[in-house]
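Trainee: I would like to learn how to read a protein model feature by feature. Could we go through one together?

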Amino acid sequence: MDHIELQWHEREEHHLGPGKELHILINGQSLIDLVRPVERPFAELEGKPDLAGQYGWLSDVDCEIQHLKIEECMVMGCNCGIPDCWPLTTQVSLDEDIVCWSGFRNCHRAEGHTHAWDHSALGPFTFDRQQYETAVREMFSQIEAGQLREQLISDKLEADFLAKQGTAT
């Protein structure tokens with residue numbers, strides 16, 4: 001049985017400003033470090049070896065794991081800060097006692113693409129469902145504060161915009 005850890009870290013200086021990002025560890029190893037050697041041969045064939053494992057951690061507002069999704073779930077995104085630019089997804093399936101991550105893929109290098117990458121050597125990862133859900137619940141209690149912060153910022157920006165619109169007429 002595999003073990004998952006979900007850890008919030010302060011985001012390094014980034015054009016998106018301060019925030020938190022979710023680091024995923026499986027059996028004590030960073031998911032990025034697990035992905036890189038799987039992608040390296042394909043990236044080298046493209047003449048872009050540095051492209052292997054070039055993912056960024058998801059921010060507290062982009063994180064899909066919190067919803068306990070049972071389908072395709074983005075687990076990492078582009079390191080430019082726009083997750084959909086270079087996403088890594090996995091199929092999440094639930095059983096009575098287990099959660100399984102399998103079928104990892106990057107849609108920009110999926111089957112049918114000129115330079116398709118095969119992620120089949122990554123996983124599947126099988127987690128004890130109770131341990132997995134506990135890790136997600138603990139992460140979720142921490143993420144709510146981040147989402148509230150983002151909503152307050154959004155509300156403030158909208159209020160400021162509407163106030164300026166009212167004075168412009």
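Mentor: Gladly; we will go from the overall layout to single residues. Keep in mind that this is a predicted model.

Trainee: Let's begin with the layout. How many helices and strands does the protein chain have, and in what order do the elements run?

Mentor: The protein chain has 2 helices and 9 strands. Read from the N terminus, the order is β-β-β-α-β-β-β-β-β-β-α. Contact separation adds to that picture: among contacts with a separation of 6 or more, 52% join residues 24 or more positions apart.

Trainee: What share of the 169 residues is buried?

Mentor: Buried residues make up 38% of them. As for the surface, the chain exposes about 9700 Å², and carbon and sulfur atoms supply 52% of that area.

Trainee: Which residues touch the most other members of the largest nonpolar core?

Mentor: Look for Ile24, Leu31 and Trp101, in a core of 33 residues. Several elements give two or more residues to this core, including β1 (4-10), β2 (20-26), α1 (31-45) and α2 (129-168). The most comes from α1, with 6 residues. Take Leu31 as an example: beyond its neighbours within four places in sequence, Leu31 is in contact with Ile24, Ile26, Trp57, Val75, Met76 and Trp101.

Trainee: Let's stay with α1. How far apart are its end C-alpha atoms, and what span should its 15 residues have?

Mentor: A helix can be checked against its expected rise. At 1.5 Å a residue, α1 should span 21 Å, and its end C-alpha atoms are 22 Å apart, so the two values agree. Still, α1 bends by about 45° at Glu39, with the proline Pro41 following within four residues. Glu39 is also one of the buried residues of α1, alongside Leu31, Ile32, Leu34, Val35, Val38 and Ala43.

Trainee: What do I find at the two ends of α1?

Mentor: At the N-terminal end, Ser30 acts as a cap, with a side-chain oxygen 3.2 Å from the backbone nitrogen of Ile32. Just after the helix, Gly47 takes a positive phi of about 80°.

Trainee: Why would I pay attention to phi and omega when reading a backbone?

Mentor: Most residues other than glycine have a negative phi, and most peptide bonds are trans, so departures from either are worth a look. Here, Asn27 has a positive phi of about 55° although it is not a glycine. Asn27 sits in the loop between β2 and β3 (29-30), and its 43% relative accessibility makes it partly exposed. As for omega, the peptide bond from Gly123 to Pro124 is cis, with omega near 0°. Pro124 lies in the loop between β8 and β9.

Trainee: Asn106 is in the loop between β8 and β9 too. Is Asn106 buried or exposed?

Mentor: Asn106 is buried, because its relative accessible area is 0%, under the 20% cut-off. For a polar residue, the next step is to look for side-chain partners. The side chain of Asn106 makes a polar contact of 3.2 Å with the side chain of Tyr55. Residues up to four places away aside, Asn106 touches Tyr55, Trp86, Pro87, Leu88 and His119.

Trainee: Which side chain joins Thr89 in a polar contact?

Mentor: That partner is Glu72, at 2.9 Å. Thr89 lies in strand β7 and is buried, with a relative accessible area of 11%. Among the other residues in contact with Thr89 are Cys73, Val75, Gly103 and Phe104.

Technical notes. Residues numbered from 1 in each chain as written. Predicted model: local features only at pLDDT ≥ 70, side-chain atom pairs only at ≥ 80, totals over all residues. Heavy atoms only, no water. Core = buried A, V, L, I, M, F, W, Y, C linked by side-chain atoms within 4.5 Å. Buried < 20%, exposed > 50% of the residue type's maximum accessible area, 1.4 Å probe, protein only. Contact = heavy atoms within 4.5 Å. Areas by Shrake-Rupley, 256 points an atom, 1.4 Å probe, with all protein chains shown as cover. Polar contact = N/O pair within 3.5 Å; in protein donor to acceptor, adjacent residues only side chain to side chain. Expected span 1.5 Å × (residues − 1). Bend = angle between axes of the 7 residues up to and from the residue.
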